[in-house]
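Dear colleague,

I am handing over the structure below for your consideration. My findings follow after it.

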Amino acid sequence: MNTTVDCSRLLWPVLDRFRPLIFVYRFKIKPFRASEVKPETPIRIMRLTLTIIALLGASFAYSQAEITSWILTDGSTGQYYNDNGNLIDSGVEVDIQLVQYSDDNVYVTCEGMPSYPIGPYPDGNPAQAGGHGYLFRIPRNPVQEEGNLTSPGLGHIGVLINGVPIYNAEDAMSYNNQGIWHQDAIYFENDGFDCSKGHPAPDMQDINNGYYHHHQNPVTFDSATDVISNICDDYPSDALYEMDPNTHSPLIGFAFDGFPIYGSFGYDDTEGQGAIVRIESSYQLRDITERTTLADGTTLNANQYGPAINNTFPLGAYIEDYEFVEGSGHLDIHNGRWCVTPEYPEGTYAYFATIGEDWNSAYPYFIGPTYYGEVATDNFAVMGPNGSPTDVDINEDVETWDGTISVAELTSFGVTIYPNPASTVVMIDSEAQFTSVRITDLQGRVVMSSGVLQQQFDVSVLPSGWYVVNLDMTNGAMISEKLLIRR
């Protein structure tokens, strides 16, 4: 008698718990007859089962980026340049002080001070950056806004992974103070940005307690092919990250609707299969010779006209000089798109820090005129005499991420890779034996390997970024865990 065995019945009990992720991994399991079963077949089935679980476990780990992407402080304090070029200790602790999370939210406590040197601000800005005890709330299950869209207003509209707030494209001024032609901060404040393209908004009560922030891609001015500020010559800095046209840019922050913000390079194909390209905004300069109309076709009265287009006020000096041209770039009207990224292999909506061909910042820089998702508005500052940097309170049970290992539920088969993030050395602890280790980049290229039982790896030679540690187990399974190298 010929009996058909459906091996999917053997796999499904373990796969069922990963049902939400299964669509990422498409595989076909063919029924076979008992007479075709070889002695090693059950072992092969088990190997396949364990391998799929390992891969799905790695995918699940990727989806926790809203918890594990933050740069935790090492206790050091920030530095700023004075006008003489000397570095002064600010006394304010850098990066992220605390990351807490629930099923629905991530709470980030920070001062808003980066670890890279900041200042000076040659446009005459008298402020120095201070610490502000921010408490931000990042929704873990962000969704598209189906009702009225929220506009990113003045002040912080998102936060970088080092705790520095990001601002919108405006500098809070408009032509003739009419609120029609809004000044583009990148043009009007260019001379006031430091090497890392940041500056502080003054606190009128305390000039030494300014609100440091970024309006644009947090990289150094001298990383562009056409350098538009020479401030890095005298006051060098490292900025948040370095652009690499050959690698998908890192996740650099989160908008207040919970969706991630990436650097300037990504996959050409939204499915993650294309070449690495510069991700282009779909906002273009309008074809106008005078500022008498708006992009939506509104004809202005003469007393509402903007300034003449000339060398002092060129096209691009005002926000209203731009218009959205669908399909002219990679991104939508919000300056984002739904796509696969290294941290979200199943796909996510993501914003990008856009740049032009010369690698200088390109409008709308981070987020367009409106957010894509439902916004956690308690992140916005509370104005007035009794104001506060945010209106966030923690009214639910939370756990703390300490940054030394992945979130507990992400560990597969008793394997722990630590520290994670790592800087120079990575340790591997495993309850089961493994025969070899391969560390690959996110394009699948092997960058380090060992064919012997080795539990300590020197990763100091690897550039900062995301990697995958693959362990070949003695039972034939492969376990994959994501590793962040950060310096």
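Is Cys339 buried or exposed? With a relative accessible area of 2%, Cys339 falls under the 20% limit and is therefore buried. Please note that the model is a predicted one.

Overall architecture

The protein has 487 residues, and buried residues make up 50% of them. Its secondary structure comes to 5 helices and 29 strands. Among the contacts with a sequence separation of 6 or more, 63% are between residues 24 or more positions apart.

Nonpolar cores

The largest nonpolar core has 60 residues. Within that core, the members that touch the most others are Trp70, Val106, Ile252, Tyr351 and Tyr371. For Ile252, leaving out residues up to four places away in sequence, the residues touched include Leu160, Ile161, Leu240, Tyr241, Ile261 and Tyr262. Ala353 and Phe366 are also among the residues that Ile252 touches, as are Asn217, Pro218 and Gly263. A second core, separate from this one, has 19 residues, including Phe434, Met448, Leu462 and Ile479.

Cysteines

The count of disulfides comes to 1. The bond joins Cys195 and Cys232, whose sulfur atoms are 2.0 Å apart. The torsion about the S-S bond of this pair is about 105 degrees, so the disulfide is right-handed. Cys195 lies in the loop between helix H4 (185-188) and strand E12 (198-201), whereas Cys232 belongs to helix H5 (residues 231-234); the pair therefore ties together parts that are 37 residues apart in sequence. Both Cys195 and Cys232 are buried. Another cysteine, Cys110, has a relative accessibility of 0% and so counts as buried.

The loop that holds Cys195 also contains Lys197, between H4 and E12. Lys197 is buried, with a relative accessible area of 1%. The phi angle of Lys197 is near 70 degrees, which is a positive value in a residue other than glycine.

The second largest pocket

The volume of the second largest pocket is about 960 Å³. Its lining consists of 33 residues, and those nearest the centre are Tyr167, Ala201, Pro202, Tyr211 and Met383. The elements giving two or more residues to this lining are strand E8 (156-160), strand E10 (170-174), E12 and strand E13 (211-214). By class, the lining has 16 nonpolar, 12 polar and 5 charged residues.

Strand E10 also contains Ala172. This alanine has a phi near 80 degrees, again a positive value in a residue other than glycine.

Cis peptide bonds

Which peptide bond has an omega near 5 degrees? The bond from Tyr363 to Pro364 has this value and is cis. Pro364 is placed in the loop between strand E21 (348-352) and strand E22 (399-401). A cis peptide bond also joins Asn420 and Pro421, with omega about 15 degrees. Pro421 is located in the loop between strand E23 (415-418) and strand E24 (425-430).

Two loop residues

Val325 lies in the loop between strand E19 (322-324) and strand E20 (336-339). Its relative accessibility is 30%, so Val325 counts as partly exposed. Along the chain, Val325 and Tyr283 are 42 residues apart, yet their C-alpha atoms are separated by 5.9 Å. Apart from its neighbours within four places in sequence, Val325 is in contact with Ser282 and Gln284.

Ser460 is situated in the loop between strand E27 (456-458) and strand E28 (465-473). Its relative accessible area is 36%, so Ser460 is partly exposed. From C-alpha to C-alpha, Ser460 and Val426 are 9.5 Å apart, with their positions 34 residues apart in sequence counted as a separation. When neighbours within four places in sequence are left aside, Ser460 is in contact with Ser423, Thr424 and Arg487.

Yours sincerely

Key
Residues are numbered from 1 along each chain as its sequence is written. This is a predicted model: local features need pLDDT of at least 70, side-chain atom pairs count only at pLDDT 80 or more; totals for chains, interfaces and linings use all residues. Side-chain values use heavy atoms; hydrogens and water are left out. A nonpolar core is a set of buried Ala, Val, Leu, Ile, Met, Phe, Trp, Tyr and Cys residues joined through side-chain atoms within 4.5 Å. Buried means under 20% relative accessible area, exposed over 50%, partly exposed in between (1.4 Å probe, protein chains only). Contact means heavy atoms within 4.5 Å. A disulfide is a pair of cysteine sulfur atoms within 2.5 Å. Helices (H or I, at least four residues) and strands (E, at least two) are DSSP runs, numbered from the N terminus. On a 1 Å grid over the protein atoms alone, a cavity is a set of points where a 1.4 Å probe fits but cannot get out, and a pocket is an open set with protein on both sides within 12 Å along at least five of seven lines; lining residues have an atom within 4 Å of a point. Grid points are joined across faces, edges and corners, and a volume is the space filled by probe spheres set on the points. Ala, Val, Leu, Ile, Met, Phe, Trp, Tyr, Cys and Pro count as nonpolar, Asp, Glu, Lys and Arg as charged, and the others, Gly among them, as polar.
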